[in-house]
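Me: Please take a close look at one part of this model and describe how it sits within the rest of the chain. I would like a single connected account, with the contacts and distances that support each step.

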Amino acid sequence: PFGSWASTEAKDVWAGTGEVGRPLSIDASATGSNHDASSATVSITTTAVDDVIVLNVLTGGFFARAKVLSITDTAGLTWKKRNQRWQVGTNPSSELWWARKPTTGATTITVNLEALTGFVVLDALASVVAFAIAGERKDP
């Protein structure tokens, strides 16, 4: 295209605070897995205050599935479930969780799962992906 372009959008200002919103960025990310599928652990270190940590938990195997029973971590965060998806056929489950981390530093997250159920339980797997989003001011 020809000509020039400039944004016409004003910067976000959070209502009542006068504070200009920070741009979103990925502060940290980490993965973990466990083949016995009773739990999975991941460690993540954040460098920004007030990050939102998003946790994607994928469980299942060949015609097997497990639900998340609980999530604990060494920073004492409060975890909230955001979404859950099941795939028909091979039965893997994907659950999306989040928590706000008010301080910087490391935390180890443990996802505890119910016992696997299904027609045949082969190659059961629990996989966890965690990433911290800096700049978010509202809960997802």
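**The loop after strand 2 and its surroundings**

Reply: The bridge partner of S43 in strand 7 is T108, and this residue pair is a convenient way into the region. The model is a predicted one, and the description that follows should be read with that in mind. Strand 2 and strand 7 (residues 105-113) are paired in the antiparallel sense, with 8 bridges between them. Strand 7 is also joined to strand 4 (residues 68-73), again antiparallel, by 5 bridges, and there V68 stands opposite L113.

These pairings belong to a chain with 0 helices and 8 strands, so that the order of elements from the N terminus, with strands defined as DSSP runs, reads β-β-β-β-β-β-β-β. Among contacts with a separation of 6 or more, 79% are between residues 24 or more positions apart. Of the 140 residues, 35% are buried, and the chain exposes about 8400 Å², of which carbon and sulfur atoms supply 56%.

The part to examine closely is the loop between strand 2 (39-46) and strand 3 (51-62), where A48 is placed. A48 has a relative accessible area of 17% and is therefore buried, the limit for that class being under 20%. Leaving out residues up to four places away in sequence, A48 touches D27, T103, T104 and A134. A further distance helps to place this residue: the C-alpha atoms of A48 and I26 are separated by 10.0 Å, with their positions 22 residues apart along the chain.

Of the residues that A48 touches, D27 deserves a description of its own. D27 lies in strand 1 (residues 25-34), and, at 19% relative accessibility, D27 counts as buried, again by the rule of under 20%. The side chain of D27 reaches the backbone nitrogen of A48 at 3.1 Å, which adds a specific polar contact to the list. Beyond its neighbours within four places in sequence, D27 is in contact with T46, T47, A48, D51, A132 and A134. Between D27 and I44, which are 17 residues apart in sequence, the C-alpha to C-alpha distance is 9.9 Å.

D50 is placed in the loop between strand 2 and strand 3 as well, but its setting needs separate treatment. With a relative accessible area of 21%, D50 is partly exposed, because the buried class ends at 20%. The backbone of D50 has a phi near 65 degrees, a positive value in a residue other than glycine. Most residues other than glycine have a negative phi. D50 also forms a salt bridge with R100, in which the closest N and O atoms are 3.7 Å apart. This pair links distant parts of the chain, with D50 in the loop and R100 in strand 6 (residues 93-101), 50 residues apart.

By the rule used, the salt bridges come to 2. The other pairing is that of K81 with E95, where the closest N and O atoms are 3.8 Å apart. K81 lies in strand 5 (residues 80-86) and E95 in strand 6, so this salt bridge ties together parts that are 14 residues apart in sequence. The two partners differ in their exposure class: K81 counts as partly exposed at 41% relative accessibility, whereas E95 counts as buried at 2%.

Strand 6 also holds K101, a residue that brings the account back to the loop. K101 is buried yet has no salt bridge, and D51, the nearest side chain of opposite charge, is 7.1 Å away; a salt bridge is counted within 4 Å, so this pair does not qualify. Two polar contacts can nevertheless be named for the side chain of K101. One is with the side chain of T46, at 3.3 Å, and another is with the backbone oxygen of T103, which the side chain of K101 reaches at 2.8 Å. Apart from residues up to four places away in sequence, K101 touches T46, V49, D50, D51, I53, A75, L77 and T107.

Taken together, the loop is tied into its surroundings by several separate contacts. A48 receives the side chain of D27 at its backbone nitrogen, D50 pairs with R100 in a salt bridge, and K101 touches residues including V49 and D50.

Technical notes: Residues are numbered from 1 along each chain as its sequence is written. This is a predicted model: local features need pLDDT of at least 70, side-chain atom pairs count only at pLDDT 80 or more; totals for chains, interfaces and linings use all residues. Side-chain values use heavy atoms; hydrogens and water are left out. Helices (H or I, at least four residues) and strands (E, at least two) are DSSP runs, numbered from the N terminus. Buried means under 20% relative accessible area, exposed over 50%, partly exposed in between (1.4 Å probe, protein chains only). Contact means heavy atoms within 4.5 Å. Lys and Arg count as positive and Asp and Glu as negative; His and the chain ends are not counted. A polar contact is a pair of N or O atoms within 3.5 Å; within protein, one must be able to donate a hydrogen and the other to accept it, and residues adjacent in sequence count only if both atoms are side-chain atoms. Two strands pair if DSSP finds at least two bridges between them. Accessible areas come from the Shrake-Rupley method with a 1.4 Å probe; for residues, only the protein chains shown count as cover.
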